Every structure is written in C-alpha cells, then in structure tokens.
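User: I'd like to learn how to read a few features of a protein model. Could you walk me through them, one at a time?

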Amino acid sequence: MAEAKKNYYEILGVDKKASAEEIKSAYRKLAKQYHPDLHPGDATAAEKFKEINEANEILSDSQKRA
C-alpha cells in the first residue's frame with residue numbers, strides 16, 4: 001500500500017508558481033501558528049507542524065521542487 005502523494009503547495013497554501021520568498025513567508029506564518037511550544041500536548045498541532053516542515057524542506061530546495 002503506497003502512501004498518497006502529499007501536495008506540499010496545498011499544505012503551505014501557496015500556488016505552484018510561488019516564489020521562494022512567498023514559500024518562506026507562508027512557512028513562517030504556519031510554523032508560528034502550529035508550533036508545539038505554543039500548543040503543548042496537542043498532537044494535531046504537532047503533526048501539522050511536521051507536515052509544514054516537510055513541505056518547506058522540499059519546496060525551498062529548487063532541485064527537490066522540480
């Protein structure tokens with residue numbers, strides 16, 4: 001059973017044509033919103049934070065993004 005492919009653009013709420021600066025801005029906004037230190041004990045926020053980090057890691061690297 002293959003895991004469904006994640007849409008990193010959707011996770012960060014940006015367009016596929018978004019610039020690196022737009023991706024960075026969206027990441028920072030969401031990371032601040034879902035950061036585990038602001039939501040101690042909230043497993044949902046922690047999982048969302050991990051997804052946001054993964055999306056940023058992929059989209060901020062031009063080779064991985066392609």
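Analyst: Gladly! Keep in mind that this is a predicted model. Let's begin with a single residue: Ser 62 is found in helix H4.

User: Is Ser 62 buried or exposed?

Analyst: The idea is to compare relative accessibility with a cut-off, and exposed means over 50%. Ser 62 counts as exposed because its relative accessibility is 58%. You can also place Ser 62 against another residue: Lys 6 is 56 residues away in sequence, while the C-alpha to C-alpha distance is 17 Å.

User: What does the protein chain look like as a whole, and which elements does it have?

Analyst: Start with the secondary structure, then look at the extent and the burial. The protein chain has four helices and zero strands, so read from the N terminus the order is α-α-α-α. Its C-alpha trace spans about 35 × 35 × 15 Å along the principal axes. Of its 66 residues, 26% count as buried.

User: How many residues are in the largest nonpolar core, and which have the most contacts inside it?

Analyst: Here you look for buried nonpolar residues joined through their side chains. In this model the largest such core has 15 residues. Leu 12, Val 14, Ile 23, Ile 52 and Leu 59 have the most contacts inside it. Helices H1, H2 (20–34) and H3 each give two or more residues to this core, and H2 provides the largest share, with five.

User: Now the largest pocket, please. What is its volume, and which residues line it?

Analyst: With a pocket, take the volume, then the lining, then the chemistry of that lining. The volume of the largest pocket is about 190 Å³. Its lining is made up of Lys 5, Lys 6, Asn 7, Tyr 8, Tyr 9, Lys 16, Ile 58, Leu 59, Lys 64 and Arg 65. Two or more of the lining residues come from each of helix H1 (8–12), helix H3 (43–59) and helix H4 (62–65). By type, the lining has five charged residues, four nonpolar and one polar. Notice that Leu 59 appears in this lining and also among the residues with the most contacts in the core.

User: And the aromatic rings: how many aromatic pairs are there?

Analyst: Two things are worth checking for rings: whether they pair with each other, and whether a charge sits over one. A search of the whole structure gives zero aromatic pairs. There is a charge over a ring, though: the charged end of Lys 48 sits over Tyr 34, 5.8 Å from the centre of that ring.

Methods:
Residues numbered from 1 in each chain as written. Predicted model: local features only at pLDDT ≥ 70, side-chain atom pairs only at ≥ 80, totals over all residues. Heavy atoms only, no water. Phe/Tyr/Trp six-rings, centres within 6.5 Å; stacked < 30°, edge-to-face > 60°. Lys NZ or Arg CZ within 6 Å of the ring centre and 35° of its normal. 1 Å grid on protein atoms, 1.4 Å probe; cavity = no way out; pocket = protein on both sides within 12 Å on 5 of 7 lines; lining within 4 Å. Points joined across faces, edges and corners; volume = space filled by probe spheres on them. Nonpolar A, V, L, I, M, F, W, Y, C, P; charged D, E, K, R; others polar. Core = buried A, V, L, I, M, F, W, Y, C linked by side-chain atoms within 4.5 Å. Buried < 20%, exposed > 50% of the residue type's maximum accessible area, 1.4 Å probe, protein only.
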